[in-house]
Structure formats: C-alpha cells, structure tokens
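Visitor: Could you walk me through this one slowly? I am still new to reading structures.
Guide: Gladly; let us open it up and take it a piece at a time.

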There are 4 protein chains.
Amino acid sequence: MNLDLRNYSVRTDLAVESKELAETAYGGPVPGLNEQVEEQDGIKITRLDITDEAASRRIGKMLGHYITIEVPGLRSQDSDLQEKVSAAFAKEFGAFLSKIGIAEGAKVLIVGLGNWNVTPDALGPLVVENVLVTRHFFELAPDQVSPGYREVSAVAPGVLGVTGIESSEVVQGIVDRTKPDLIIAIDALAARSLERVNTTVQIADIGIHPGSGIGNKRRGLTQEILGVPCIAIGVPTVCYASTIVNNVFDLMKRHFDEETGQEQGQTKQILGLMTELSENERLGLVKEVLQPLGHDLIVTPKEIDEFIEDIANVIASGLNLALHEAVNPDNVATYTH
Amino acid sequence: MNLDLRNYSVRTDLAVESKELAETAYGGPVPGLNEQVEEQDGIKITRLDITDEAASRRIGKMLGHYITIEVPGLRSQDSDLQEKVSAAFAKEFGAFLSKIGIAEGAKVLIVGLGNWNVTPDALGPLVVENVLVTRHFFELAPDQVSPGYREVSAVAPGVLGVTGIESSEVVQGIVDRTKPDLIIAIDALAARSLERVNTTVQIADIGIHPGSGIGNKRRGLTQEILGVPCIAIGVPTVCYASTIVNNVFDLMKRHFDEETGQEQGQTKQILGLMTELSENERLGLVKEVLQPLGHDLIVTPKEIDEFIEDIANVIASGLNLALHEAVNPDNVATYTH
Amino acid sequence: MNLDLRNYSVRTDLAVESKELAETAYGGPVPGLNEQVEEQDGIKITRLDITDEAASRRIGKMLGHYITIEVPGLRSQDSDLQEKVSAAFAKEFGAFLSKIGIAEGAKVLIVGLGNWNVTPDALGPLVVENVLVTRHFFELAPDQVSPGYREVSAVAPGVLGVTGIESSEVVQGIVDRTKPDLIIAIDALAARSLERVNTTVQIADIGIHPGSGIGNKRRGLTQEILGVPCIAIGVPTVCYASTIVNNVFDLMKRHFDEETGQEQGQTKQILGLMTELSENERLGLVKEVLQPLGHDLIVTPKEIDEFIEDIANVIASGLNLALHEAVNPDNVATYTH
Amino acid sequence: MNLDLRNYSVRTDLAVESKELAETAYGGPVPGLNEQVEEQDGIKITRLDITDEAASRRIGKMLGHYITIEVPGLRSQDSDLQEKVSAAFAKEFGAFLSKIGIAEGAKVLIVGLGNWNVTPDALGPLVVENVLVTRHFFELAPDQVSPGYREVSAVAPGVLGVTGIESSEVVQGIVDRTKPDLIIAIDALAARSLERVNTTVQIADIGIHPGSGIGNKRRGLTQEILGVPCIAIGVPTVCYASTIVNNVFDLMKRHFDEETGQEQGQTKQILGLMTELSENERLGLVKEVLQPLGHDLIVTPKEIDEFIEDIANVIASGLNLALHEAVNPDNVATYTH
C-alpha cells in the first residue's frame, strides 16, 4: 500500500485560504505577515500584507497587499446587501490605491479576463460591459469632460482557445498604445473551500500569474511584464471536486474533534489514518483516487447564472464609485446596465 | 459522540444508481429485477424492468421500465459521437414505445420542464425549442400533411417560482384541451455520482414524481394525474456536494481494498469507522457536517453551458428520428436549430 | 395604368393611430368617441373610449376602453424617465381596473405572448420573467401571505411555430384549472408610424384578437373565449417597410403644405397624384410595388435588444405597483430582475 | 419653397450599390471599372475591380477589388443553401487571396468588429467565436501541428462606447505584438436597399474606413495604418429609414415607367417633381422631413437574431475552408459551434 504521496498543492487563488493552510501546516501564526480583520453588517474584510520573503514562500503567495471581502449573504441575492458590498468594495479599493501609491487621477485600463460563453468564467467580460469608460471622451475633447471623472478604458481580451493569442499579449499591445498608469484585471478564481465560492472578493497588487484563475494562462499580467502596476480583482466561482472532498474531510475532522473534546484517538478511530495526513497529502490521495476515473471536475453552484450577473454588477459599481468622484451611491445605478 | 444517524436517503433520480446502492446494501442482486446490458462504440445501454413490488421498495424506484444510456465520452464534445448517441437514443426510444404498448402514430405532447434562466435546469425548455412540432399542420389542414409525420406538440410550462403555477397544473390544462395520446416529459436530474453528470440519459415510463428533477415539484406528471401515459426522459446535470464527498469516499474504500487485497482491517485502518457505515449513514454524516455551514450546495460542471446545448440537441434529434418516419439520419440536422 | 386599388388596410394595432386615420379619412372628429388627453413630464396619456358601434366600425377597432401612454423620450434609455413611466403606468392601470369594474383583489393571470428567441417579439415572455408572482404562496399557505399582496400568476405560452398549439388554447387550459378573475395579456405590436415604435404602451379591455400583435394568431384571448375579462397591454416594437414609406409620404405632404402655405396645387406639383390618394390607397400602391420583390419586411430599430429589456422592466414594475399595495416606488426595484 | 438641397450622399457600404447609383447618375457604364458577374444555384457573384482614380471618385469607393455574393434565398433559413454559400464564399475567397498577392500560408489575424450586445452589430464577434484558431498551437509546439493548417488568430476588439478605445488602436497593438501577414476584418454594414439586408456578403481588399459599418469609427483598419494588407468582409444587416423610403420611391418610379411604357410625363404626373430629383437630392429631402421628428432610425429585419447566427456561421465555415487545406466540406461543421 502506498501512502508516499507527492506534495500535491492545494489549489486556491485566495491568500486567506493559503494563509489558513500554512497556519495549520506550521501549527500557528506565520511570521512576516501583517493582518487586520474588520467585520460589519455581514461583511468581513481582511487586509493581509505579505512583506517578508520567508512568509511569502511559506504561504505560497507573492509578496504584496491582499484585501479579502467575505460576504456569506451574497448567495441569497439580496439587492440591498449587494449595494452595501459595492460601497464597502469602493471604500477599500480607494484606500488600497492610496496605500500602494497610485496617484490620484491615474489613468486606468480595466482588463476583464475570461470567457463570455462559460458562465463561471464570464466575470471579467461582464465587469467590462458594466464599467463606466471615459477614455474616448478625454481623447476627443479633453476640456469638455466634466470634473469628477478620470480616464478609464476597459477591454475583454478573450481566452486563448478562442483567440489563439494569450490575454497577456493582447493586453500588452493595448498598453503599449494607450499608455495607462494602472491596470485593474478582473478574473474568476478557483477556491479551496466551497463556502467561499461566490461569496468572496479578493483585491491584490500582485497582478495575474500563470495558473491563477479558471482559464490556463502561460504568461501573466504583472508590473514586470506590462511596465505599469497591475491590481488583480478576483472572485472564486468554481471549486475542484477534489478540494470539496478534502475540505469536507477537514470539516469532519474538526466536527469530531469538537464532539469528542479531542479526546485521545477518537477522531482517528472514526476517520482513520487520513487524520494524520497533512492537507496536501490528503488532497493528493483524493486526486489519485479521482483522476483515473477522469472526474476531478471543476464545479460551480447551480445558480451561477444569476450570481455572476450580480457580482459583476457589484464590482462594476464599486469600481465606478472608487474611480470617479462624480459617481456616488445615489447615481451609481445609472452607470451600469 | 453520536453516530446514531437517521436513515438519510441518497439523492439520485437514476434507477441504475438506486439499483447499485440496493445491491451494495443487500449484498448481491436484488430479486424481481430484469436487467439487460449492451455496450457498443462507447455507448452503454441498460434496460431495467422493475416488475415486482418488493424490488421496487428495495430499490426505492417505481414499478416500470427504465432505459439508461451511459456515454462517458459525451463530455468531450465530439459531434460525431453526439450523432451516434442520437441514433442510439432514437432506436431505444422507438423500441421502448412498442414495448410499453404505445400505438403507432400516437399523438405526442412533449413537455420541457425546468427553468430557462438556470443553465443546468434548462434542458427541458431547450429540447422543446429544438423538437419538430407538427400539431398545427394537422389542425389546420390534416390532409395536406405529408406522410411520415405524426402529430407532435411541445410546451415548456415554466417553473413554480416564475409562474406561480405548478408545471403539472399547466400541463394538465393543456392535456385537457389538446388530448394527446402520450406525454414525453424532459427534465434535468440530480445524480449521485459525479461521473454520471452530463453523460447519462434515462428513459422511463413512470412519469415525473414530486421531488424528482432539479426544481421542486409538489405534484407530478403521471398517468394517474394526466390520464395518458407519461414517459420521462432525464439527464443528470447536477450533484449535491454531499453526494460528491460520499461518492469519493466510496471510491477510496474500493481503491484501498484493491491495493491491500482487502487484507483484514487495512482499509479500515486508513479510513476509520467510516468504512463500517452504510452509504446512507455516511451520507447522513456528511450532510450533518455540511449543513450547519449552509453549503450542501448543488453543483454542476463548469462547462455546463456548452454541454446543455449539446445534450438538448442529442435528445431533440433522437426524438425527431424516433417519432417521425420521414426524419432520418441524413436530414435530421435540418430539423433542429 | 392602374390606380384602381383595393382598399388595403393600414396595419396598426394602436387605437390612437386608427383614430387619426379615421379622422383624416372622414375629415374631422369621429362621433361616438370619448377622448381625454393629458401630458406631463414628457409622458402623454390618451384615454379613448369607443362606446358606439358606428364609431367602432369607422375606426376599425373594437368597442372598449383604450389608454395610450406615449413617451418619445423612452428611446433615449434614461433610467429616471423609465421609473416615471412605470409609476404613470401603474397609476393609469389601477384607475383602469376600477373603471372597467374589476373587483379589488381580483386574482390575476398575466399572459406573456410572443417568442423568446425573436427579440422584438420577446416582450411578453420578458414581462412574465420580471413580474412578481404570488399564487403559489396563496395555494400553499394562504394565511401566511402578508397583507398587501394579491394572487398573481404568470405564463408565457410560447408561439404556434414552436409549440404546435395556439397560445389561446394553452391559456384556456390554464384558466380552466387555475380560475383567475382577470387575464392581463402582454404582446408586442406593429405600429403604423415609426415614431411610435418603442415609445408607446397601449392598455385596452378588448383582449387579444387574431391578427393583432407580431405573431400570427388564429384564435384570440377574449372574454368570450376565456370566460373572464381580458386586458391587453401592447407595445409596438416593429413596423412594416410599407408603412414606413407611407408614413414618410404623409410627413412630406404635411411638410410641403406647410412650406407652401397649402397654396393651390404646389404640394401636388411636387408629390404628384399620390397626394390625392387616401392613406389606404397609397399604402396599397406601396405594397403593390414592394411585394413582387418580396420585401415588405417587418423591421425593428437596431437598438431593439436594450429597448425590449427596458420596456419589459417598465411594464413589469408598473404591474407590480398596480397589483400589490405592498409594492411601492421605494421597493419596486427589488421585485424585478 | 426650398428644393435647393445640399448633395446628401446615399449611405451604402456596398460597392455594387455605389456603382448602380453612379450609373444612374451618369447615365451609363462608368469607365475604369472591370466587372464580372456569375450566377449559379441562386448565388450571384460580382467581381468588381476599381482600377482607375476617376472611376473611384465617381463611385465614391476606394481603388481596390470587390467581390459581392448575393443570395436572396439566404433569408429563408435553408441550411442546404447556407452550406452552398459557405463553399462558394470559400472558393471566391481563396481565389481573391491569390489575386491580390497574399502568399500561401500567410499568417492571418481575423478581427471581428462590432458589439456583442446589439444583435445586428454582432456579426464580427460571432464569426470570431466560430472560426478555427491555431496560432497558440504554432506558438507552443510548431512541429507538432498537423499539415494542412495555417496560423490563424482572432479577436473581437469591442466598440468604442464599451471600451473607450478605438478598435483600430486595439488591433494595432495586437498586430505589433503578433505580427500577422494579413488582417481579415469582419463587420456589419448598412445597405441602401432593403432587399440586400441579410442577403449579401462583400469582400474587399480596402480594409475598414472611418464611417463604414454600423458603429462609428474615427480611425480605420487599413494597410497604411496597420502595415499589413487588410481584407474587409461585410454583410449589410441594417438600413436607414430614409434609404428605405428613397429606395421604394425609386421602385415606384420604375414601376410606373414600365406600366406607362415611359410615356411622356405619366410617371411625373403620378409622382410629381420628385421624379426629377437625383437619388441624392431625393434622399436629402426625405432626411429633411424625417430628422426634425428625430426618427431617421436605423432598422433591421425582425428576424435578425436567427439570421445573424446563420450568416456568421456561413462566413466562419467559409473562412475555415479557405484558410486551412485540412478543412473540407465533409468536416467543416465540426470546426464551428
């Protein structure tokens, strides 16, 4: 019998999940992290700075600043809550721009990654559709643009399988010609835990890296490649079947630990040697079992159609509020479709 | 610690899955079943007759005739294979009509259950859109209809949350007025095992029962209610998160049993007491753990958009071939959209 | 040369257009009509009662009450204006219900006629999607429904070419089973003049008649057929090419009459004998010229996709406001999608 | 009264229409044109070379080579005919590439202009979706690409109002980075005559010029701008209301001329001084009358949804056939969606 598992990595694009995993693995807080958590009206905001190379390696996430907005209630399609999340997003995003040193009025190019025709991957293109663009007015008649607006453009570069060109090349071509000061890239992500799917927004100043998001990218969208800062906004909309299983196993472990007061050996008796594996080893095991059957599927909640529209709207409204002083909670709805 | 689980039922709309579960539970073939399996070109056809009350109770499925067409390759979006599946479906469906005593040329009403706007639930309405309807020609000028066609009509009654009326009432009203000889109801289903999602079609002469399919129905579509025979065609397009976990646990158990040659206790050592629970007990446990967190989500594969179009087309083409002599493999493509 | 035209009828589903035509033809106000016009904030409301058989024949419209809401600004996609139109619609519709003697709290079935997949014909199904339905709550637990709501259900019966069944038969079957007190049927219409396309809503207590609307109906939806009052709500979303031409010719005639002060013969010199034809004769001529070429097309403005969504939302919101006391301008947006 | 009209230009993107207009205006064949017409199976192909500056000025079209494929039957949604048109398109397109000197195996970038969300403007993006792209295979593993394929990529750059960036800039950025040898730009056009809407495909080696197509472009896609040859493929999907009227007036004139044997003055008696205006003057008059009322709308046939899907498929299949030897009539359907 073989339990000598390779070190499978738990697939997550969320820094908060990576941090949790690292803490479990190393048995306590990881040094070199700066974290601040705030919660109000069902909206939990975590600001995590990874400022230390060692911490970055441990967590498996790039050096940088990460904001996570978690709103379990987002799944219930409550339009009032959505408005609150837009406002909270806008506030965080504005502060984030200052924190990472983006100049007031910096020209922005919003990049909506992903595929129109695959609902859980359509987040980026949908945000592009709903965001207020102004660059053409600045180009055509700069002195006639009302105050309170900045220069914003937006593109959905398509996916490699449809275009034959990597998103990153398309974007680089556009950046070369339109010279924005900042890229904001929107992408659908994969989460490790099912409960974060469709309820979490992550903002990070690390750009987009190969292998992140749902689609496969061979090159990223980063300041190194593009020459301008690149902020990534992501929402997990899918989960691997294997991570669901792993995640549930973890929940069961905690459940039995609680029920048995972590009494010596009880949980192990119920769940077996599995309890002694690290999360990564366990995930490797699940994958080993699933893949011969060809079904480590990527799955998404049944209600994805409506959710993706809602969250795209939340993000587009939040960006409109954060980027243009002239947009405020009273008129924001008239700027999206 | 509490392992005294209520008898949770494993949620599946597929007779072949229920049968497997029953066989595992009762340790061997269930008496009172008549099963015939055939496999060709990657298409596996199972004809299962439940003719005995006791068997029906054991399996938890109605007395009746069930055909299951399993095509793992359907996920690869191969248009040649899709044509073969249409043809195989048409052949089985034609034979099924004879077997259950439907008269040649019986007037058919096709009912597409489900919700347009929820992709994994849109199978029924999409089939309705693509099926060849002829009833209006028969009504208008019966003697001008070319030979080789029968009278077919098709409706998508909508879902309770959108219409405020149960599908079954809408259909009953239409049946009262249009007097078909046979109802064919198309519905998206939930499967127990992830590998059957989007790869399996079930045909059964039992109609639609409350609680089957994705949407919630309080009344069914059955011969008792409608006064005419009702054949249900279903495709599993979703899975509960809990059944994925349960299903994987099962796979792991088999995996370790194989690896260890079922050597005394080895698998149990690895997987713990979980191995001694019945499938239903285990599922109950998983649900117990998941539900407090509110995420026994119903999930669907990420590629559902394209899949649902493909399978709706396979079924619509299959029905067109089976119901009208004048439709044949050479012209069938011109009848769907 | 042949000017001996059959009496072609000018194709319009709008009573206000029929009335205008009749006035032109008969040279002055048509007796037996009761008309009231009101205009505010760019919204013009015309209440026309046809109470006299002779007037009905002259106008070519059924005896009944007609409300026309004309809002030229609707084409500019201004969301504030849309809200105002919803409110105006709701107010008129509520008053209309009282006027024609519908009891407070009457149970309503909303019928969305037309075809999902033909954008200018999708008005009805889109309204059904966005209207608040409550009937299932009343059925399930009548004493738990909050006050301020009435029993509303909604169906989109599909079109003959897709279902093989006339909408009217589908609706009749549903009416037989669900026993509403009132039918409200929503349909896309054809207008005579291009400027009314997508800017006008008509409410009438005459039901739907064969040949009205965009699709072809052989049977209507009327109180005679259904046994309950039937109010039709229509929006012109298309125009015949021939009526565009005819309409422009009319505009030119007026234009030259104005420019020349209707000086003897000037307009005729410019536009020829065409000026001496009645509108119907002229239309006949245009059709005679167009039809051999097979292109008396039905056309719709290029922007129809966005418009149809907007106007469906206006009507659904208006109905929600008018039918449920508990819905008010502050919460109405949360009831549509 | 004022008939002193400015010289309005008749809005058409089709060279065959411009040529017809020029011939009418100048009373006979325009010198400096080379035209070849061929008709088979309801498909009319016109190859027009404008090789002479004077001719170019008279017609108001750029020097270049134009192919027009006219298929009145395309409106009837006959899938056999569509296949024939794809094949004819592929044959013409292949010959066109040779004629204008494009090297065998030239690397192609297909550009789908227009707006996803405006049905009559969605032609370009839909073709991009359905065309076979291969560039990523050549980039990744050039020696593993089967023979019979060339390097093709495809992008839909979006429209100015959605992106804030001109299509031409987006494309130029992509061309700079991906270095194709040839651009093929697909665009929806405006026709002068209603009968050409949705029935005509134009291929021209002149690129895309500002003001052509449905959307407004301030910069074009031409060899001068992009540095590589640019072939434009266009299909008229809309018409101005004013050109419909003008077009019908023209038909009426011909109709009466025929009926009266062009007998002195008869047509003029019927149609007045309008007959003495040039087409452009008449169009000016119609616009003068229409515009104050704000309704020189751009219209499209009611059936545009289905048509646009069909024609996008015809063009994508035609391009797949023409660009890759390995694609042939037997397998072409498997390459589009």
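Guide: What follows goes through the relation of the chains, then their contact, then the domains, and the model is a predicted one.

Visitor: Okay, what turn lays chain A on chain B?
Guide: A turn of 180 degrees, with a shift of 0.0 Å along the axis, lays chain A on chain B with an RMSD of 0.1 Å. That is how a two-fold axis relates copies.

Visitor: And which residue of chain A comes closest to that rotation axis?
Guide: That is Gly272(A), whose C-alpha lies 1.8 Å from the axis.

Visitor: How many residues does each chain bring to the contact?
Guide: Chain A brings 42 residues and chain B brings 42 residues. The copies meet through the same surface, because 100% of the interface residues of chain A are also interface residues in chain B.

Visitor: How much area gets buried there, and on what atoms?
Guide: Chain A and chain B bury about 4000 Å² between them, and carbon and sulfur atoms account for 75% of that area. On the chain A side, the residues touching chain B divide into 26 nonpolar, 10 polar and six charged.

Visitor: How many salt bridges and polar contacts are there between the chains?
Guide: The count of salt bridges between chain A and chain B is zero, while five residue pairs are in polar contact, counting pairs with both residues at pLDDT 80 or more.

Visitor: Which helix of chain A gives the most to that side?
Guide: Helix 9 of chain A does, with nine residues. Helix 10 (266-271), helix 11 (279-290) and strand 9 (298-301) of chain A also each supply at least two residues to the side that touches chain B.

Visitor: Switching topic, how is chain A divided?
Guide: Chain A has domain 1, made of 15-243 + 297-335, and domain 2, which covers 244-293. Their C-alpha centres lie 33 Å apart.

Visitor: How many residues are in contact between those two domains?
Guide: In chain A, 11 residues of domain 1 are in contact with 10 residues of domain 2. The area buried between these domains is about 800 Å², with 54% of it given by carbon and sulfur atoms.

Visitor: Which residues of domain 1 lose the most area there?
Guide: Arg192(A), Ser242(A) and Thr243(A) do, and together they make up 57% of what the domain 1 side buries.

Visitor: How many salt bridges and polar contacts join the domains?
Guide: The rule finds zero salt bridges across the interface of domain 1 and domain 2 of chain A, whereas 10 residue pairs are in polar contact, again with both at pLDDT 80 or more.

Methods. Residues numbered from 1 in each chain as written. Chains lettered and ligands numbered in written order. Predicted model: local features only at pLDDT ≥ 70, side-chain atom pairs only at ≥ 80, totals over all residues. Heavy atoms only, no water. Least-squares fit on C-alpha atoms with pLDDT ≥ 70 in both. Contact = heavy atoms within 4.5 Å. Domains from an automatic or database assignment. Buried area = accessible area lost by both parts, 1.4 Å probe. Salt bridge = Lys/Arg side-chain N within 4 Å of Asp/Glu carboxyl O. Polar contact = N/O pair within 3.5 Å; in protein donor to acceptor, adjacent residues only side chain to side chain. Helix = DSSP H or I, 4+ residues; strand = E, 2+ residues; numbered from the N terminus. Nonpolar A, V, L, I, M, F, W, Y, C, P; charged D, E, K, R; others polar.
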